[in-house]
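Good morning. Please bring the structure up on your screens, and I will talk you through a few parts of it.

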Amino acid sequence: MVSFDTKSYSKKLLHLISWSHWFTFFNILAAIALSSYYLFSDPAPTTLFGQVYLITTWVSHIAFLTFISFVLVLFPLTLVFPNTKFIRTSGSIIFALGLLLLMLDAFIYSRLGYHLNASSSSQIISLLQEIAKENSLFFTIGGALAIVILGFEFIVSNYAWKHLRQLQKTVFARFVIFALVLSFFFSHLSHIWADANLDYDILRQDTVLPLSYPATAKTLLTKYGLFNIDDYIERKNSPLSFSHAIPSYPTITAELCPSEVANTTPANSVFLILTEQQVSISQLNQFSHRANAISLHLTNNIDTGLNDDAWFNLLYSLPSIYQQDILKQGVKPLLFQRIDQQALATSLTVISDEFTANSALEDTEASSDENTPINEPRWFEALFSKKTELINVSSLLFAEKLNNKAPGLHIIYFKNSHITKANKAVKNNNQYQFELFVDALLLAQKQKAQKDIIWISSIGNQSNETRLNTKPALFIYPQETSVSHKDVSFNTSNMDLQPTLMTQWLGCKINYSNGSDLPSLNKDRVIANTTDKGIIIFNKDKSVFVDQNGNFQSYSRQFESPITVSSDFPLMIDGVHFIKKFTQQEQQ
């Protein structure tokens, strides 16, 4: 028998190529088996056509990815350096890495809803680190799995090499390949038809497999329940809404508040100083220097709400999409439920010159103008036991009065007035009044042994143009620590206020919100909110608005200007997960 080394170059090359085909064939079967994990990450299609499409696109797409890996990597390597040991070893390592990458991608998809990608690398790494902390065997299991897969590759490689002649005589592979090719054409033709007819049962599968069809914001929003499936075709002009009923808003239970604090009433108060004008960083720096307790300067605080939406985000700690259904339920925010249990005071003081006699504008022409304000009670006013309307803060600047307020939640709201006079709208921004009151409050705190908790920020947006901007805020709270001031560069939100007060003031832990306890915040987050036209998403680098037609508008937070970027669907999916956090907590 002639040894392999004495064969001609062409025979050696043909033998290696024939082996590599069979080696790839076995890896196709292994990849299809391992990738079945993708099928269990999403709900199954509801129609028979959708189920057949899922099976055919699964086997054909995974087979195609495996084969293309052979064509692009192993085949050129074989042509360049046709050494038997080198090619067989390299092929085993290459396909082992490919299968491991496939399994990692499937795992990431089941947890985060998107595949491995560079733009969401921080979220992926953070997820793996959290899992490793929770399960000390995570990396051990991963290493063992890598050894098993590499061992499988060497076994298959050796088997295909030793039994190459027998394998070449078999016919079963032809039927498998024919079925895969048939599935490939059937799935692609089915997708073309579904795309033309907007068959959602098929289109929602676009993101299941890696490197599959490019997704659209429309199908993704529908897939995650932010559009009604029945209105999929007509939803271009429909407002965002859940396709299923949201859960009931929770009530305070003994589980939320530990027994040792159940009967303990705080002796200090919480002051929320809110203004409709954005607060500048220089103003907050001045306030933090005058504070007599720990101050957290929230440099990347987020508030995307308009009008009453901003108050819902602040008080309920939930995105705006929940507002209509939650308010219909008539259940107070958890913070106010706990305040009622503790018999603490609540007050809302509104500062605006629209309360002056002149701002009533009894002039007939002026009062008929469409810009004339209509002072109707706003939904959140009913939460407070006392409401006061003042023209200015002159009556509030006395330390004795500020320090003698009953322990509780006190909101001082500097509201812009829109006074129509001589057919010209004049806005009073109240900035002088705002700064005067904050200085008086911080000065009064020096006389108190039990310091109060103070939150200073803007609330709401005057127009859509500012919704993609961050609005810095300041949180001051008493705590025994050597640190007196800290800049928090992580993404924060007005939705963090309720869980922070529940923890730092009332000693309760709540999960039914989209916020976090600010002093314990130790990592960046993707934060999102809804509007009537789409979703606004923030990560550490940019803010993105995704409208219902799938258009992405991005804004650089570093350069404070619009930027042009490709559609970032992983970021959008992270935003959707943030918005649905409340419903997921209820399901758990």
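Before anything else, one term: two strands count as paired if DSSP finds at least two bridges between them. Keep that in mind when I speak of bridge partners. Also keep in mind that what you see is a predicted model.

Here is an example of the term in use. Leu296 has Phe475, in strand 10, as its bridge partner. That bridge belongs to a pair of strands: strand 2, residues 294-298, is joined to strand 10, residues 473-477, by 5 bridges, and the two run antiparallel.

Strand 10 also has a partner in strand 9. Strand 9 covers residues 453-458, and 3 bridges join it to strand 10, again with the strands running antiparallel. Which residue of strand 10 is the bridge partner of Trp455? It is Phe475. We have already met Phe475 as the bridge partner of Leu296.

Now the whole sheet. It is an open sheet of 8 strands with mixed pairing, and the order across it is 5-4-6-1-9-10-2-11. The edges are strand 5, at 386-390, and strand 11, at 485-488, and each of these pairs on one side only. On average, neighbouring strands in the sheet are turned by 15° against each other, direction ignored.

Back to strand 10 for a moment. How many of its 5 residues are buried? The count is 5 of the 5, so strand 10 is largely enclosed by the rest of the structure. Its side chains go two ways: Ala473, Phe475 and Tyr477 point to one side, while Leu474 and Ile476 point to the other, and all are buried.

For context, let me give the numbers for the chain. Its secondary structure comes to 20 helices and 17 strands. There are 588 residues, and 52% of them are buried. If we take contacts between residues at least 6 apart in sequence, 75% of them join residues at least 24 apart. The accessible surface comes to about 28800 Å², and carbon and sulfur atoms account for 58% of that.

Next, two residues in helices. Leu65 is in helix 2, residues 48-80. Is Leu65 buried or exposed? Its relative accessibility is 17%, and the cut-off for buried is under 20%, so Leu65 counts as buried. Setting aside neighbours within four places in sequence, Leu65 is in contact with Pro210 and Leu211. The C-alpha atom of Leu65 is also 9.3 Å from that of Ala31, and these two residues are 34 apart along the chain.

Ile192 is in helix 7, residues 172-197. Its relative accessibility is 57%, so Ile192 counts as exposed. Ile192 is also one of the residues that make a nonpolar surface patch of about 510 Å², together with Ile177, Val181, Phe185 and Leu189.

The last topic is charge. Side chains of opposite charge can pair when their charged atoms come close. The structure holds 9 salt bridges, and I will go through some of them.

Take Arg204 and Asp201. They form a salt bridge whose closest N and O atoms are 3.8 Å apart. Arg204 counts as buried because its relative accessibility is 10%, and Asp201 counts as buried because its value is 8%.

Then Lys332 and Asp340, which form a salt bridge with the closest N and O atoms 2.9 Å apart. Lys332 is partly exposed, with a relative accessible area of 30%. Asp340, at 44%, counts as partly exposed.

The next salt bridge is between Arg525 and Asp496, where the closest N and O atoms are 2.9 Å apart. This pair links distant parts of the chain, with the two residues 29 apart. Arg525 is in the loop between helix 18, at 497-504, and strand 13, at 527-530. Asp496 is in the loop between strand 12, at 492-493, and helix 18. How is this pair placed, buried or exposed? Arg525 counts as buried at 14% relative accessibility, and Asp496 is buried with a relative accessible area of 0%.

Finally, there is a network. Glu381, Lys387 and Glu389 are linked by salt bridges.

That is the end of my part. Thank you.

Note on methods: Residues are numbered from 1 along each chain as its sequence is written. This is a predicted model: local features need pLDDT of at least 70, side-chain atom pairs count only at pLDDT 80 or more; totals for chains, interfaces and linings use all residues. Side-chain values use heavy atoms; hydrogens and water are left out. Helices (H or I, at least four residues) and strands (E, at least two) are DSSP runs, numbered from the N terminus. Axes are lines fitted to C-alpha atoms, for helices over the stretch in contact, and angles run from 0 to 180 degrees between N-to-C directions. Patches are made of residues with over 30% relative accessible area and no salt bridge: like charges are joined within 9 Å, nonpolar side chains (Val, Leu, Ile, Met, Phe, Trp, Tyr) within 5 Å. Accessible areas come from the Shrake-Rupley method with a 1.4 Å probe; for residues, only the protein chains shown count as cover. A salt bridge is a side-chain nitrogen of Lys or Arg within 4 Å of a carboxyl oxygen of Asp or Glu. Buried means under 20% relative accessible area, exposed over 50%, partly exposed in between (1.4 Å probe, protein chains only). Contact means heavy atoms within 4.5 Å.
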